[in-house]
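Please prepare a short briefing on this structure, with the cut-offs behind each term stated, for someone who works with computed coordinates.

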Amino acid sequence: MHIPLRLKERAMDVSVVSRAELKLVGLKVVGRRSELSHRVPLAWTELIARLPSIPNIVNREVLYGASPERDFLRGHPDGVYTYSVCVEVASLDSVPEGMSTLVLAPCDYAMARIQGAASAIDAAYLGMARWLAETGRKTNAQAHSLERYDVTRQRVTPPYEGFDYDLLKPLAP
């Protein structure tokens, strides 16, 4: 299902997509929102350096940022958040030391593409919230929100010349 949403002067396209189970391996970052802008790029840099040591990677050019949806629903502007920088794997049989795992159940997601300057990020999150309200959909607090990075569209390590990635919010059944 594809539903356009007008966001300021440009349309924000939101689609509902289904994902099968997703197995992720990566590094977990925990901190206040104000701290994550420094900690997350460091974690991405470490994950990229450690990719050769991770077995069973599905696609080295697609990386994920994953956050428990309940972190967003608490609504505190500088609350503590968990953000995992990850890569999808086919199997969790052999996880490198110091790395964490996530297994995300099959889920429907509201998906929007974030493109442009840093201001496009907040605009997309606000636009997604508006889309949810206008369509009467709710997010699933027990699932994870995802940021899907295709490294052919955008680097995950600084410096960031612009942004071009997918935002996926888990939908309640």
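The points below cover confidence, the largest pocket, one strand and two backbone features.

This is a predicted model, in which local features need pLDDT of at least 70 and side-chain atom pairs count only at pLDDT 80 or more, while totals for chains, interfaces and linings use all residues. Residues are numbered from 1 along each chain as its sequence is written, and side-chain values use heavy atoms, with hydrogens and water left out.

**Confidence**

- The mean pLDDT (the predictor's confidence in each residue, from 0 to 100) is 90 for the protein, and 91% of its residues reach 70 or more.
- Among the elements (DSSP runs numbered from the N terminus, with at least four residues for helices, H or I, and at least two for strands, E), strand E1 (residues 2-7) has the lowest mean pLDDT, 42, and strand E6 (residues 100-104) the highest, 98.
- Over residues 1-11 pLDDT stays under 50, and for this stretch the model has 29 contacts (heavy atoms within 4.5 Å) beyond four places in sequence.
- Where pLDDT is low, the predicted coordinates should not be read in detail.

**Largest pocket**

- The largest pocket holds about 1000 Å³ of space; a pocket is an open set of points on a 1 Å grid over the protein atoms alone, where a 1.4 Å probe fits, with protein on both sides within 12 Å along at least five of seven lines, and lining residues have an atom within 4 Å of a point.
- It is lined by 34 residues, of which Arg33, Phe72, Ile121, Tyr125 and Glu147 are the closest to its centre.
- Helix H3 (119-135) is among the elements that give two or more residues to this lining, and H3 provides its largest share, seven residues.
- By class, the lining has 21 nonpolar, eight polar and five charged residues.

**Strand E9**

- All eight of the eight residues in E9 are buried (under 20% relative accessible area, with a 1.4 Å probe and protein chains only).
- Phe163, Tyr165, Leu167 and Lys169 lie on one side of E9 and Asp164, Asp166, Leu168 and Pro170 on the other, so that both faces are covered.
- E9 pairs (at least two DSSP bridges) in the antiparallel sense with strand E7 (residues 107-116) over eight bridges, and Tyr109 stands opposite Pro170.
- E8 and E9 also pair in the antiparallel sense, over three bridges, and Arg148 has Asp166 as its bridge partner.

**Backbone**

- Pro158 and Pro159 are joined by a cis peptide bond, with omega about 0°.
- Asn56, in the loop between helix H1 (33-50) and strand E4 (62-68), has a positive phi of about 65° although it is not a glycine.

Notes. Grid points are joined across faces, edges and corners, and a volume is the space filled by probe spheres set on the points. Ala, Val, Leu, Ile, Met, Phe, Trp, Tyr, Cys and Pro count as nonpolar, Asp, Glu, Lys and Arg as charged, and the others, Gly among them, as polar. Buried means under 20% relative accessible area, exposed over 50%, partly exposed in between (1.4 Å probe, protein chains only).
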